[in-house]
Amino acid sequence: MLIKLTGGAIYDPANGIAGQQQDIYIQNGRIIDRPAGDLPVDQEYDLKGKVVMSGAIDLHTHIGGGKGNIARTLLPEDHRIDPVSRTVLTRSGSGHAMPSTFVTGYRYAEMGYTAAFEPAVLPINARQAHMEMADIPILDKGGYVLLGSDDFLLRMLTAKKDQKAINDYVAWILHSAKGIGIKVVNAGGISAFKFNQRKLDLDEKNSHYDVTPRQILHTLAKAVKELGLTHPLHVHGCNLGVPGNVETTLNTIEGIEGLPMHLTHIQFHSYGKEGDFKFSSGAAQIAEAINRNKNITADVGQVMFGQTVTASGDNMRQHYNHRYANPNKWVCMDIECDAGCGIVPFKYQNQNFVNALQWAIGLETFLLVNDPWRIFLTTDHPNGAPFMSYPHLIRLLMDKSFRNDMLATIHPEAQKMTTLASIDREYTLNEIAILTRAGAARIIGLQDRGALSPGNWADITVYTDNADRQAMFTKPDYVFKDGELVVKDGEVVQVKWGTTHIVRPDFDHSIEQDLLKYFNSFMTMKLGNFKISDDEITEDGRGSLTAHPLRGAVA
Amino acid sequence: MIEITEVPSPFCGIGTDDLNIQVDGLSLTVKSHGCAVNTPAFELPISDTQPRVDGQIVSLETAVAKAANILRDVRQPLFGGCATDVAGMRALLALADRIGAVVDNTAFNNARRNMLALQDTGWMNTTLAELKNRCDVLLIVGTDLEGFAPRFFERYLWNEESMHLGNTNSREIIYLGKSPSGTASTSPSGRQATILPCADADLPEVMAALSALLKGRKLQAQTIAGLAISDLQSILDKLKAANYGVICWGAAALAFEHAELTVQAICSVVKDINNQEVRCSGFPLGGREGDQTANQVCGWTTGYPARVSFARGFPEYDPFLFETQLLLNNKEADALLWVQAFNVNPPPSTEIPCIVLGRSGMKFNKEPQVFIPIGTPGIDHAGHAYRLDNVVAIRLKKLRDSGLPSTAQVLSAIEQILQVSTC
């Protein structure tokens, strides 16, 4: 089967193509060079006047794992307002803030996304994360494994184990839990909450372990680098949501001493405490620090107005935030000497000063970070807003007059506290393609994805160019997944199953001697039963694993 | 004959995974780490291996075709039991979605007590490893914990080593309501549990009194349900002096009207203690024979726990209206598909056509139209099951080659027939 996409305007930043008209050929699921000779084209799509990009990749979205399922169970009323009927092709389910798995896959694909990554895979909950993601159709998926408050690591650090031993443990966890990166959430803070600490600053010690968050971050960032993972340490910083936390975030950037680090949902970590309400934007300082420190990448975690639910591993901060729960019900859990979670429904309101300024801080961050390869488009789904709001967010970034119209509707005091009106920047289509495709693939370390190069898998999205960017990005004309048409005119026309992206760094297996003792003494599961086997991913006949090369080897 | 070690159990709910099981052909013997729940469940012999239609032995293909025929022509199918592994629940929900069935897990009336509290106010809970390594005061409300899980104390409280307790013997165990059925709660050093007994029906009032005391309200009564107020106050004093108190309850044991309000009171006490700058966690029991599994898989597939209807083409959740027995009593269903992969208890008796996917050896008061003996997850095939603490899924092992099909295989085969015939 040879498919030809004819005459579209190509936005392929990985190959330096920004809007030039080119043809694309697809064969056996992959993009190929223009075939020599007269190979017959089986199917041709006339894409004149259309915009062609790789399939979009969401590098931080809570789509699989226990906290999401608790969020679903907690809010039946949020599903009742958004029922999704079965069709001949697709399964039924429910939507809004935390959609069911099938609906998650369909809706992402219908927006032109072909891959999504769960950023908080607790090792002990990794089985569930993978089982849920296995029920997300069409998309490729993967996860970052959460460390940093697990007792095993904190014991290692307290015992001053050397970096090599830490590296071995990190690699072992990646193999056992099947991840592509390492995540830290409120480093050491989830553990500290179990010892009844209610806050933990970057240089504050865990009351039981002789360890600070700064030390945990530095050690894990070093482990990630030395193991050769492409994806930098993925960091949800200390003091999420606390006014004044911009200082913590700047210190975190300094404290990592040039090691690669990805700061996630940085909007929630960019707050000053100026002004009448002791809450202000730190976005300019953060953006300046990102611009200056080339080792730092960030995704925004944009807040959008409306009902959502926040689901986080950061039970320390989520417990504090329960006072803002709307509706007033919430869950916190301590989990298996491994981590924790907190689920708090939120209703972000444009007439609430704090919410309004959060919205503006996110946009300031997008617009003030200069290098589009180091900033990524997220709402931290569902924490800032459900992923369905991405097209609206893209319009806010690309359309200054629309942005200013929206700005005029928010809380008047918040309008005074943001520089947004004075920022002229409008994102280009090429920059959007970097944020949502090329940059994401590069930072995650995905081989053969996120670029329209011959040899790559043909994950391709085609849009009709439209000055209303929200309309344009809401409803692609075509989405191809691995070379097959899965979405036409914004609706699923074929259901297939994506792969699970992982890395498998080498390590010294003698680390299992210590782990075996630890599991036998303290854990509630045998070591052998803890490790996820490959067949658990593949035995349903739909799933597959794709192991990516380590740093330096990704084209 | 072989011996398989580190076998996880789907029966007890507490994720026991240290069983040694001897396999001799189809016969299993628990050689070590058995208990009154797990040993009989693993050792239950296989008696029938062949499907039946109207009591006559048939091939699997014939039984599957007959089941598909029954389900093709009904107006409101009802899928009860729903006691299986993750793959089985996936297949069950796929079939239910296709034909518009009601799906109802057999333990949902118990789980509902927790779900209603969760969906109204939420909770702060913990998991087994935190309990094992941190819990210094355990309050057990209205539940015979060792009756629920005979090895609970041995595995999770009287463990020799713990990361954050000097000596596990020093844990304080308090029973409120039901008294324990045995002595498992006595520590190895001989320390006995404190028992404050009251009738189940008095628990709402007792929990209300605990809540009031915690909020600093003055109570005029000197006793509540025969318990001295000073004793109730001392429970709170212990929880508030604890480093990591845990309040445990078993929803199944709270068998009185509106027990969800008692669950909610327990959860609120936990939250209030945390708001008084002391750590404390709740710990609901459950997880036996696929109940937690059903709720989890149904949760991510539909957005709701395992009492949903697909009749209108999309999932609807109602914790009351979609109850199996109610639908049968009201004659609102016209076919019952019953799935029970873990035990041989018969389905509820009914006059409507009945298809049973049951554990080998299931005995019926009335022979169903279709009976397909299925494999038990964790014995006859590999699979996944959820423990009581919700976030931990265990990998179940295949122990023997019985040839019995899995729930997922049978239900997928039925769906395959219906899919072809409706295209």
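In this predicted model, the centres of domain 1 and domain 2 of chain B, taken over C-alpha atoms, lie 35 Å apart. The domain assignment places residues 47-107 + 289-422 of chain B in domain 1 and residues 111-285 in domain 2. Where the two domains touch, domain 1 of chain B supplies nine residues and domain 2 of chain B supplies seven. On the domain 1 side of that contact, six residues are nonpolar, one is polar and two are charged.

**The two chains side by side**

Let's step back to whole chains before looking at details. The table sets out the overall numbers.

| Property | Chain A | Chain B |
|---|---|---|
| Secondary structure | chain A: 20 helices and 26 strands | chain B: 13 helices and 22 strands |
| Radius of gyration | chain A: 22 Å | chain B: 23 Å |
| Extent along principal axes | chain A: roughly 70 × 60 × 45 Å | chain B: about 65 × 50 × 35 Å |

How do these radii sit with the globule rule? For the 555 residues of chain A the rule gives 24 Å, and the value of 22 Å is close to that, so chain A is as compact as a globular protein of that length. For chain B, with 423 residues, a compact globule would have a radius of gyration near 22 Å, and the 23 Å of chain B agrees.

**A nine-stranded sheet in chain B**

If you follow the strands of chain B, you will find an open sheet of nine, with mixed pairing, in the order β5-β4-β20-β19-β18-β6-β7-β16-β17. Which strands stand at the edges of this sheet? They are β5 (56-57) and β17 (316-317) of chain B; each has a single partner strand, so one side of each is left without a neighbour in the sheet.

At the β5(B) edge, strand β4 (residues 52-53) of chain B runs antiparallel to β5(B), joined to it by two bridges. There, B:Arg52 stands opposite B:Ile57. Helix α2 (residues 60-72) of chain B packs on the sheet, where it touches β4, β6 (77-83), β18 (335-340), β19 (354-359) and β20 (370-374) of chain B. The direction of α2(B) makes about 130° with that of β20(B).

**Where chain A meets chain B**

Now for the contact between the chains. In it, 48 residues of chain A are in contact with 50 residues of chain B. On the chain A side, these residues comprise 16 nonpolar, 18 polar and 14 charged. Which element of chain A gives the most to this side? It is strand β18 (residues 330-335) of chain A, with six residues.

That strand also takes part in pairing across the chains: β18(A) pairs with strand β8 (residues 122-125) of chain B in the parallel sense, over four bridges. As a place to look in the structure, A:Cys332 has B:Met124 of β8(B) as its bridge partner.

Helices meet across the chains as well. The axes of helix α1 (residues 66-74) of chain A and helix α11 (residues 291-302) of chain B come within 9 Å and cross at roughly 80°. The two helices are therefore roughly perpendicular to each other. From α1(A) the contact uses A:Asn69, A:Arg72 and A:Thr73, and from α11(B) it uses B:Gln296, B:Gly299 and B:Trp300. By class, that makes one nonpolar, four polar and one charged residues in the contact of α1(A) with α11(B).

Note on methods. Residues numbered from 1 in each chain as written. Chains lettered and ligands numbered in written order. Predicted model: local features only at pLDDT ≥ 70, side-chain atom pairs only at ≥ 80, totals over all residues. Axes fitted to C-alpha atoms, helices over the stretch in contact; angles between N-to-C directions. Parallel < 35°, antiparallel > 145°, perpendicular 65-115°, else oblique. Nonpolar A, V, L, I, M, F, W, Y, C, P; charged D, E, K, R; others polar. Pairing = 2+ DSSP bridges. Domains from an automatic or database assignment. Rg over C-alpha atoms; globule rule 2.2 N^0.38 Å.
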